[in-house]
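The following note sets out points for a colleague who is examining the model shown below. Each point takes up one part of the fold.

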Amino acid sequence: MKLMIRLFLCIFMLSSFNAVSFAQDKTTITKEPKFKPPVVKTYLGVNQNGAQVVVDEGVQLVGLPLKVVDAKNNPYTIDSYQFLYKQKSFIRDDETGKKEEVFTIAADRFNATPLPKVWVDNIRRRLQKDEQLYFFDIVVKDKQGRKFFAPELKITIK
């Protein structure tokens, strides 16, 4: 009987400690002013979104670093971005025997600019008319470490 009472008291004490440990903390919450990201532009070389370049220029551009600057030409650190290469190729239609133009994509997320050497080398070997270099979901940081999105950049090879 004494054992039962001791067990009951132990369980009661442990459960009361447990209830105290999950009580809400009475800290005050201060509101931080809402961050309004600056207006920035994204560049690859001197090209912005919508640029059309010849193959030789595209071959040079693919190895350059992505740049994001504001109106005063202040640079922003690139935290990450996604890159998509829209590649043109041809397949033969089994029924007609004619070649058909098709596009495939290769894409990945990167944390450093310029693109890795293997990507640059592969694109430089294959780059041709009508293909696209597309940088999107570009996340940049300001000097205070606040992150925000920069505009996308799509370059078409003409």
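1. Two strands are treated as paired if DSSP finds at least two bridges between them. On that criterion β4 and β6 are partners, joined by eight bridges and running antiparallel. Within this pairing, Tyr 85 has Leu 133 of β6 as its bridge partner. The model discussed here is a predicted one.

2. For orientation, the overall make-up may be stated briefly. The protein contains three helices and eight strands, and their order along the sequence is α-β-β-α-β-β-β-α-β-β-β. Of the 158 residues in the protein, 28% are buried. Among contacts with a separation of 6 or more, 65% are made by residues 24 or more positions apart. The exposed area is about 11,800 Å², of which carbon and sulfur atoms supply 56%.

3. Strand β6 deserves separate attention. Eight of its ten residues are buried, so β6 is largely enclosed by the rest of the structure. Besides β4, strand β6 pairs with β8 (residues 153–157) in the antiparallel sense through four bridges, and there Phe 135 stands opposite Leu 153. Four bridges also join β6 to β7 (residues 147–150), again antiparallel, with Lys 147 in β7 as the bridge partner of Lys 141. The hairpin of β6 and β7 has five residues between the strands, and Gly 145 in this hairpin adopts a positive phi near 85°.

4. How do the side chains of strand β1 (residues 40–44) distribute between its faces? Val 40, Thr 42 and Leu 44 are directed to one face and are buried, whereas Lys 41 and Tyr 43 are directed to the other and are not buried. In a regular strand, side chains alternate between the two faces of the sheet. Strand β1 is joined to β3 (residues 66–70) by five bridges, and the two run antiparallel. Val 40 lies opposite Asp 70 in this pairing.

5. Asp 70 itself should be inspected. This residue of strand β3 is buried but has no salt bridge. The nearest side chain of opposite charge belongs to Lys 72 and is 7.0 Å away, which is not within the 4 Å required for a salt bridge. The side chain of Asp 70 does make a polar contact, at 3.0 Å, with the side chain of Tyr 76. Leaving aside residues up to four places away in sequence, Asp 70 touches Val 39, Val 40 and Tyr 76.

6. The structure holds six salt bridges. One of them pairs Asp 130 with Lys 88, with the closest N and O atoms 3.5 Å apart. This pair links distant parts of the chain: Asp 130 is in the loop between α3 (117–126) and β6 (132–141), while Lys 88 is in strand β4 (residues 77–92), 42 residues away. The two partners differ in burial, because Asp 130 has a relative accessible area of 30% and is partly exposed, whereas Lys 88, at 8%, counts as buried.

7. Asp 130 also forms a salt bridge with Lys 129, where the closest N and O atoms are 3.9 Å apart. Lys 129 counts as partly exposed, at 47% relative accessibility. A further salt bridge joins Arg 146 to Asp 142, the closest N and O atoms being 2.8 Å apart. Arg 146 is partly exposed, with a relative accessible area of 36%, while Asp 142 counts as buried at 11%. Through shared partners, salt bridges join Lys 88, Glu 101, Lys 129 and Asp 130 into one network.

8. The last point concerns a loop position. Gly 63 is located in the loop between α2 (55–61) and β3. Is Gly 63 buried or partly exposed? Its relative accessibility is 23%, so Gly 63 counts as partly exposed; the cut-off for burial is under 20%. Which residues does Gly 63 touch, not counting those up to four places away in sequence? They are Pro 114, Val 120 and Arg 124. In addition, the C-alpha atoms of Gly 63 and Trp 119 are separated by 9.0 Å, although the two residues are 56 residues apart along the chain.

Notes: Residues are numbered from 1 along each chain as its sequence is written. This is a predicted model: local features need pLDDT of at least 70, side-chain atom pairs count only at pLDDT 80 or more; totals for chains, interfaces and linings use all residues. Side-chain values use heavy atoms; hydrogens and water are left out. Buried means under 20% relative accessible area, exposed over 50%, partly exposed in between (1.4 Å probe, protein chains only). Contact means heavy atoms within 4.5 Å. Lys and Arg count as positive and Asp and Glu as negative; His and the chain ends are not counted. A polar contact is a pair of N or O atoms within 3.5 Å; within protein, one must be able to donate a hydrogen and the other to accept it, and residues adjacent in sequence count only if both atoms are side-chain atoms. Accessible areas come from the Shrake-Rupley method with a 1.4 Å probe; for residues, only the protein chains shown count as cover.
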